[in-house]
Amino acid sequence: MINGGHVVIYTKDAEADCAFFKSVLKFPHVDTHGGWLIFKLPPSETAFHPSDENDMHELFLMTDDLDGEMKALKNAGVACDEPSPQSWGRMTRLKLPGGGTLGLYQPRHARP
């Protein structure tokens, strides 16, 4: 029986992004060996979108209060894009220290 999923985020500065998940997002974690951190994610869901290419994957974090979460992130020194309305909710992208971004959105859709 499948009992979980594992997300890998490729980054130019894994140490900085791990520190961000640990100190700013405050996600629980375990050190599997020698500082290699694995983070617990909130409950998740997956969706399949049509594409001309395979092996393209994205991670979006979700919140019930996008404005409140953006304010908390700003207070922690994290830059977010201006939120944009989408058919499925409101979305922003937050900047990771390693140079990448993550989507963050407040869904309008029912959650499984």
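In this predicted model, Arg90 has Gln106 as its bridge partner in strand 6. That pair belongs to a longer run of contacts: strand 5 and strand 6 are antiparallel and are joined by 7 bridges. The two strands make a hairpin, with 5 residues in between. One of the turn residues, Gly99, has a positive phi of about 105°.

Arg90 also turns up on the other side of strand 5, where Pro85 stands opposite it. Here strand 4 (84–86) meets strand 5 (residues 89–95) through 3 bridges, and this pair is antiparallel too. Over at strand 6, things go the other way: strand 3 pairs with strand 6 in the parallel sense, again over 3 bridges. Met62 shows this pairing, with Tyr105 as its bridge partner in strand 6.

Put those pairings together and the result is an open sheet of 4 strands, in the order 3-6-5-4, with mixed pairing. Strand 3 (60–62) and strand 4 sit at the edges, since each of them pairs on one side only. The sheet is not flat: from one strand to the next, the twist averages 35°. As for strand 6, 5 of its 7 residues are buried, so the rest of the structure largely encloses this strand.

Next come the helices. Helix 2 (residues 66–75) lies across strand 5 and strand 6 (101–107), and runs at about 10° to strand 5. Which residues of helix 2 are buried? They are Leu66, Met70 and Leu73. Seen down the helix axis, these buried residues fall within an arc of 60°, so they line one face of helix 2. Flip to the other side of helix 2 and the picture changes, with Lys71 and Asn75 exposed. The cover over the buried residues of helix 2 includes helix 1, strand 5 and strand 6. Just past the end of helix 2 comes Gly77, which takes a positive phi of about 85°.

Helix 1 (residues 14–24) can be read in much the way just used for helix 2. Its buried residues are Asp17, Phe20 and Phe21. They cover an arc of only 90° around the axis, which puts them on the same side of helix 1. Among the elements covering these residues are strand 2 (36–39), strand 5 and strand 6. After helix 1 comes Lys26, and its phi is positive, near 60°.

What about charged side chains? A search of the whole structure turns up 4 salt bridges. One of them joins Arg93 and Glu58, at 4.0 Å from N to O. Arg93 is in strand 5 while Glu58 is in the loop between strand 2 and strand 3, so this salt bridge ties together parts that are 35 residues apart in sequence. How open are the two partners? Arg93 has 22% relative accessibility and so counts as partly exposed, whereas Glu58, with a relative accessible area of 62%, is exposed.

Another salt bridge is formed by Arg111 and Asp64, with their closest N and O atoms 3.8 Å apart. This pair also links distant parts of the chain, 47 residues apart: Arg111 belongs to the segment after strand 6, and Asp64 to the loop between strand 3 and helix 2. Arg111 counts as partly exposed because its relative accessibility is 41%. Asp64 is exposed, its relative accessible area being 64%.

Asp81 and Lys95 form a salt bridge as well, and their closest N and O atoms are 2.5 Å apart. Asp81 sits in the loop between helix 2 and strand 4, and Lys95 in strand 5, so to speak a link between distant parts of the chain, 14 residues apart. Both partners are partly exposed: Asp81 has 30% relative accessibility, and Lys95 has 36%.

Notes:
Residues are numbered from 1 along each chain as its sequence is written. This is a predicted model: local features need pLDDT of at least 70, side-chain atom pairs count only at pLDDT 80 or more; totals for chains, interfaces and linings use all residues. Side-chain values use heavy atoms; hydrogens and water are left out. Two strands pair if DSSP finds at least two bridges between them. Axes are lines fitted to C-alpha atoms, for helices over the stretch in contact, and angles run from 0 to 180 degrees between N-to-C directions. Contact means heavy atoms within 4.5 Å. Buried means under 20% relative accessible area, exposed over 50%, partly exposed in between (1.4 Å probe, protein chains only). The arc is that of the directions from the helix axis to the C-beta atoms.
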